Amino acid sequence: MKYLVILLLVKFVVGGYLPPPDYGNSSPNCACDEEVMSLADRISKLEIDLDHQRTRSNILEKSIQQQSRNRRQVDTAVPPAFTAYLSHYYNAMSIGDTIVFDKTLTNVGGYYNLTTGRFTAPLSGLYIFSFIIETKHAVDTAVRLVVDGNNALDAVVEPRHNEQNLQGGNVGILTLSEGQQVWIQIYNTGGQTLEGGNIYRFTTFTGALLSEMDVTGPTMIG
Ligand SMILES: *[C@@H]1O[C@H](CO)[C@@H](O)[C@H](O)[C@H]1NC(C)=O
């Protein structure tokens, strides 16, 4: 009997201290749920961001690898250099036309393109260029050397009568960034005629890398 009383007392005391069952946490309006949902939302946004960053960094890595491969391929022991000439009589040109010097005497590294008439700088650095045109027709002929389409040097020939052979040209040293292009362009009204031939190489375009150089910021031209 004495033990039963103690047992009942113990049960009562312990039972009285049991925490009441709590059903509140499963309510969908609880602040914790909202927090969890917004965290999940943020995590999924971060995952998307991370994916984009991964893609970007892969692209950057590839382009860096490509650049260092290109750099290694440029043999500066024999600097890129070319001399091209016009191998034929060339007329009916109009403003903006590129003079395509269609034959080369020298084209170290092949950075002068015979199809487009453009030289592409394989490295950033200091380059020398010259161009000479010849005409014997009484039509004013003005040409210019452009870097990515921007005027750098000009030359003009103005024979006063036909069969008056004249040459005009220019020479310059330019700073170029890797990948910039240089070509010769007609820039006065149409109808010019340039003389060229395989034997008489009057009309020429020449360029060479003088020194590799880290070109940062604006170049000296354009
Ligand atoms: C010259 O340029 C043309 C047109 O961009 C290109 O198709 C060709 O491959 C180039 N030639 C060389 C030798 O790089």
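Is Lys 136 buried, partly exposed or exposed? Select Lys 136 and see: the residue is partly exposed, with a relative accessible area of 23%. Keep in mind throughout that this is a predicted model.

**Stop 1: the Lys 136 contact**

Stay on Lys 136 and add Glu 163. The two form a salt bridge, and their closest N and O atoms are 3.8 Å apart. This pair links distant parts of the chain, 27 residues apart. Glu 163 sits in the loop between E7 and strand E8 (166-176). Lys 136 sits in the loop between strand E5 (125-135) and E6. Now compare the two ends by accessibility. Glu 163 counts as exposed because its relative accessibility is 54%, and the cut-off for exposed is over 50%. Lys 136, at 23%, is partly exposed.

**Stop 2: Arg 160 and its partners**

Next, select Arg 160. Show Asp 140 as well. Their side chains meet in a salt bridge, 3.0 Å from N to O. Arg 160 lies in the loop between E7 and E8, and Asp 140 in the loop between E5 and E6, so the contact ties together parts that are 20 residues apart in sequence.

Add Glu 158 to the selection. The side chains of Glu 158 and Arg 160 also meet in a salt bridge, at 3.9 Å from N to O. Asp 140, Glu 158 and Arg 160 are thus linked in a network of salt bridges.

Colour these three by accessibility. Arg 160 is exposed, with a relative accessible area of 58%. Glu 158 is partly exposed at 40%. Asp 140 is partly exposed at 32%. How many salt bridges does the structure hold? The count is five.

**Stop 3: the E6-E7 hairpin**

Select residues 141-147 for strand E6 and residues 150-157 for strand E7. The two strands pair in the antiparallel sense, over seven bridges. Pick out Thr 141: its bridge partner in E7 is Val 157. Then go to the turn. E6 and E7 form a hairpin with two residues between them. Asp 148, in that turn, has a positive phi of about 50°.

**Stop 4: the five-strand sheet**

Which strands make up the open sheet, and in what order? Trace E3-E1-E11-E5-E8: five strands, with antiparallel pairing. Strand E3 (103-108) and E8 stand at the edges, each with a single partner strand, so one side of each has no neighbour in the sheet. From one strand to the next, the twist averages 10°.

Now isolate E5 and strand E11, residues 204-212. They pair in the antiparallel sense over eight bridges. Select Phe 129 and look across to E11: Gly 207 stands opposite.

**Stop 5: a nonpolar patch**

Remain on E5 and select Ile 128, which lies in this strand. Ile 128 is partly exposed, with a relative accessible area of 30%. Add Val 171, Ile 173 and Leu 210, then turn on the surface. Together with Ile 128, these residues form a nonpolar patch on the surface. The four have about 350 Å² of accessible area together.

Conventions
Residues are numbered from 1 along each chain as its sequence is written. This is a predicted model: local features need pLDDT of at least 70, side-chain atom pairs count only at pLDDT 80 or more; totals for chains, interfaces and linings use all residues. Side-chain values use heavy atoms; hydrogens and water are left out. Two strands pair if DSSP finds at least two bridges between them. Helices (H or I, at least four residues) and strands (E, at least two) are DSSP runs, numbered from the N terminus. Buried means under 20% relative accessible area, exposed over 50%, partly exposed in between (1.4 Å probe, protein chains only). Patches are made of residues with over 30% relative accessible area and no salt bridge: like charges are joined within 9 Å, nonpolar side chains (Val, Leu, Ile, Met, Phe, Trp, Tyr) within 5 Å. Accessible areas come from the Shrake-Rupley method with a 1.4 Å probe; for residues, only the protein chains shown count as cover. Axes are lines fitted to C-alpha atoms, for helices over the stretch in contact, and angles run from 0 to 180 degrees between N-to-C directions.
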